[in-house]
Amino acid sequence: MRIGLYGGTFDPVHLGHLRAAENAREQLGLDLVAFVPAALPPHRGAPLSPAADRLEMVRLATAPYPAFEAWDTELRRAGPSYTVQTVEALLASRARDSLVLVVGADTWPEIPGWRDPERLLALVEVAVVDRPGFGSALPEPPFPGARGVRRVCGPGLELSASAIRELARAGKSLRFLVPDAVAAYIGERRLYR
């Protein structure tokens, strides 16, 4: 299988994430896009929602789409969620599959500051998905030996998890920002209040 690995805090997962994953799936011929919530992102503060809630929201969001799955790969590992460790573990357990790391245009410039970025880019191809408000120019891979970087174009949604959390905190509607099942879950669990 050709699998796109789409990581993030997903706090909460929203329609912008789903649209970006669909753009990557179509343009790269992916059999599956695996949404991989980070347990403890090393480059930003801890997520506001517990890992179990974030995973459940991703499960709810991806359930209607056979080509999308929620993977708990990083949530099962203690400590910070380093992408290179995730990729190494998945390559070891799924040797017959081809992995593509899917990142947003806002994340691509941060990769040189990640844990062992040269090794990461030697292990997987990277797909950089356009994101509204971010430049569409795709810089060359910052390291020799990188497997390749591809730009993924397509319609995007200008949404942010922080804006959605603020709406939830204020008791406002999340309709048309997150899947209905995710909005219901946020309301039931009183997340972000």
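Select Glu125 to begin: at 14% relative accessibility this residue counts as buried, where buried means under 20% relative accessible area, exposed over 50% and partly exposed in between, with a 1.4 Å probe and protein chains only. Glu125 lies in strand S5, residues 125-129, with strands being DSSP runs of E of at least two residues and helices runs of H or I of at least four, numbered from the N terminus. Setting aside residues up to four places away in sequence, Glu125 touches Arg2, Leu99, Val100, Leu101, Arg147, Gly148 and Arg150, a contact meaning heavy atoms within 4.5 Å.

Before moving on, note that this is a predicted model, in which local features need pLDDT of at least 70 and side-chain atom pairs count only at pLDDT 80 or more, whereas totals for chains, interfaces and linings use all residues. Residues are numbered from 1 along each chain as its sequence is written, and side-chain values use heavy atoms, with hydrogens and water left out.

Next, select Ala61, which is found in helix H2 and, at 1% relative accessibility, counts as buried. Its C-alpha atom is separated by 26 Å from that of Val124, the two residues being 63 residues apart along the chain. Leaving aside neighbours within four places in sequence, Ala61 is in contact with Val13, Leu18, Pro179 and Val182.

From Ala61, extend the selection to the whole of helix H2 (residues 51-62) and to helix H6 (residues 180-189), whose axes come within 8 Å and cross at roughly 150°; the axes are lines fitted to C-alpha atoms, for helices over the stretch in contact, and the angles run from 0 to 180 degrees between N-to-C directions. That angle makes H2 roughly antiparallel to H6, a term for angles over 145 degrees, with those under 35 counting as roughly parallel, 65 to 115 as roughly perpendicular and the rest as oblique. H2 passes H6 in a right-handed crossing, in which the near helix is turned clockwise from the far one by less than a right angle, anticlockwise being left-handed. To see the interface itself, show the side chains of Ala52, Asp53, Glu56, Met57, Leu60 and Ala61 in H2, which meet Ala181, Val182, Tyr185, Ile186 and Arg189 in H6.

Now turn to the backbone on either side of H6. Phe176, in the loop between helix H5 (161-169) and H6, has a positive phi of about 70° although it is not a glycine, and at 68% relative accessibility Phe176 counts as exposed. Tyr192, in the segment after H6, likewise has a positive phi of about 70° without being a glycine, but Tyr192 is buried, with a relative accessible area of 7%. Most residues other than glycine have a negative phi, and most peptide bonds are trans. With that in mind, select Asp11 and Pro12, which are joined by a cis peptide bond with omega about 5°; Pro12 is found in the loop between strand S1 (2-8) and helix H1 (15-28).

Finally, display the aromatic side chains: a search of the whole structure finds five aromatic pairs. Tyr6 and Phe10 form one that is edge-to-face, 5.6 Å centre to centre with 85° between the planes; rings of Phe, Tyr and Trp (its six-membered ring) pair if their centres lie within 6.5 Å, and planes under 30 degrees apart count as stacked, over 60 as edge-to-face and the rest as tilted. Both Tyr6 and Phe10 are buried, and ring pairs link Tyr6, Phe10, Phe35, Tyr65 and Phe68 into a cluster.
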